Every structure is written in C-alpha cells, then in structure tokens.
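The exercises below ask you to read a protein model step by step, with the sequence and the structure side by side. Try each task before turning to its worked solution.

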Amino acid sequence: MSDHRLQTSPSDLPSGVPATVSVLTAADWVDPAALPSGPGCADCSAVQPSGWWFHLRRCATCGHVGCCDSSPQQHAREHYEQTGHPVIRSYEPGEDWFFDYRTGDYATCPEVCAPLARPEDQPAPGPLGRVPTDWKQQLH
Ligand SMILES: [Zn+2]
Ligand SMILES: [Zn+2]
C-alpha cells in the first residue's frame, strides 16, 4: 500500500453506494429545471379517499412533491429513503428554504424553476375536502 489512493476503493464501500456520494454537496443535488410533480403530494394523491397532508416539500433533484414530516404519511422523507435524493425545498407559499436530510439541517442551494409553491387556493392542510376534522391530532 505505497499508493494512498489504493487504500479506499469503490469496492470498500457498501454495495449500491456510489463512490462519490459523500462528496456531493446539497447544491450538487439540485436540478433547477426539474418541474414539480403536481399541486399536491404525489403519493397522498394516489391514496383514495383518505390521503391528506399538512405541508408540502419539493424534491430538489427530480421535482417529486411530497408531504412533510408533520404529515401522517411523511412522503417527502419516504421519497428520500427510496431514491436517495437528499435535498428538498419548501413548496409552501412564501417559503424559500432548502433542507438536507443527510445533515438534518437547512442548506444553501441554487433556486429552482417555477412554480415555487403549491397553488394559493390549495389549503394547508390539504387537499380541500379530504382533511379529517381531527387532523391536528394526527400530526407527527
Ligand atoms: Zn403524502
Ligand atoms: Zn427526487
């Protein structure tokens, strides 16, 4: 082992983990051109008739719109766990922060393309007509 570059090779890493994953910053994960998947949580919207969410988050990498950690289903985090896309941006009107699940903290990232938030007539919690009356008790 005279060459230090040989001490860590991709084969030493857990299978399925790209060798470069640890050096990617939050900003590296952002694709500014990735359009949001829709006006509400993509996964809650697929659940009939009971899916509802509190606040919305947009995947900065692919545009998947999911629901926040306070929501019953936590689909934004599930999307991270399933795809490895670690950075989200708020999809709530008036909010412009990014968050990195790997650090559990906010991150500085380049801005993404519009729309930057759910439609103003989409309530939080939402969607209209599907939020149970005891929704506050169901938050995480
Ligand atoms: Zn959801
Ligand atoms: Zn994604």
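**Exercise 1. In which sense do strand 1 and strand 3 pair, and over how many bridges? Then place strand 1 within its sheet.**

Solution. Strand 1 and strand 3 pair in the antiparallel sense, and 3 bridges join them; keep in mind throughout that this is a predicted model. Two residue pairs help to locate this pairing: R58 stands opposite R89 in strand 3, and C59 stands opposite I88 in strand 3.

The next step is to look at strand 2, with which strand 1 also pairs in the antiparallel sense over 3 bridges. Here the bridge partner of R58 is V65, and the two strands form a hairpin with 5 residues between them, where G63 in the turn has a positive phi of about 90 degrees.

The last step is to widen the view to the open sheet of 5 strands, whose order is 2-1-3-4-5 and whose pairing is antiparallel. The edges are formed by strand 2 and strand 5 (105–107), each of which pairs on one side only. On average, neighbouring strands of this sheet are turned by 40 degrees against each other, direction ignored.

**Exercise 2. Which residues of strand 1 point one way, and which the other way?**

Solution. Begin with the general expectation that, in a regular strand, side chains alternate between the two faces of the sheet. In strand 1, L56 and R58 point one way, while R57 and C59 point the other way, and all of them are buried.

**Exercise 3. Describe the order of the elements along the chain, and find what lies across the strands.**

Solution. Count the elements to begin with: the protein has 2 helices and 5 strands, and from the N terminus on they run β-β-α-β-β-β-α. Next, follow helix 1, which lies across strand 1, strand 2 and strand 3 and runs at about 120 degrees to strand 2.

Finally, consider the protein as a whole, in which buried residues make up 31% of the 140 residues. Of the contacts between residues at least 6 apart in sequence, 59% join residues at least 24 apart.

**Exercise 4. Which residues touch the most other members of the largest nonpolar core, and which elements give two or more residues to it?**

Solution. The largest nonpolar core holds 24 residues, and those touching the most other members are W53, A60, C67, V87, I88, F98 and C109. Two or more residues come from each of strand 1 (56–59), strand 2 (65–67), helix 1 (75–83), strand 3 (87–90) and strand 4 (98–100). As a general background, nonpolar side chains tend to be buried together in soluble globular proteins.

Now take C109 as an example: leaving aside its neighbours within four places in sequence, C109 is in contact with A26, A27, V30, A60, V87 and F98.

**Exercise 5. Are A27 and S71 buried or partly exposed? Find what each of them touches.**

Solution. A27 is found in the segment before strand 1. This residue has 14 other C-beta atoms within 10 Å and is therefore partly exposed, since the buried class needs 20 or more. Beyond its neighbours within four places in sequence, A27 is in contact with T108, C109 and P110. A27 and F98 are 71 residues apart in sequence, yet their C-alpha atoms are 9.4 Å apart in space.

S71, by contrast, lies in the loop between strand 2 and helix 1, and this residue counts as buried because 25 C-beta neighbours lie inside 10 Å. Leaving aside its neighbours within four places in sequence, S71 is in contact with W53 and F54. From S71 to H55 the separation is 16 residues in sequence and 7.1 Å in space, C-alpha to C-alpha.

**Exercise 6. Where do the backbone angles of Q74, P115 and P127 deserve a second look?**

Solution. Start with Q74, found in the loop between strand 2 and helix 1, which has a positive phi of about 55 degrees although it is not a glycine. Q74 is buried, because 21 other C-beta atoms lie within 10 Å.

Then turn to the loop between strand 5 and helix 2 (135–138), where P115 lies. A cis peptide bond joins A114 and P115, with omega at about 0 degrees. P127 also has its place in the loop between strand 5 and helix 2, and the peptide bond from G126 to P127 is cis, with omega near -5 degrees.

Methods:
Residues numbered from 1 in each chain as written. Chains lettered and ligands numbered in written order. Predicted model: local features only at pLDDT ≥ 70, side-chain atom pairs only at ≥ 80, totals over all residues. Core = buried A, V, L, I, M, F, W, Y, C linked by C-beta atoms within 7 Å. Buried ≥ 20, exposed ≤ 12 C-beta atoms within 10 Å, placed from the backbone. Helix = DSSP H or I, 4+ residues; strand = E, 2+ residues; numbered from the N terminus. Contact = placed C-beta atoms within 7 Å. Pairing = 2+ DSSP bridges. Axes fitted to C-alpha atoms, helices over the stretch in contact; angles between N-to-C directions.
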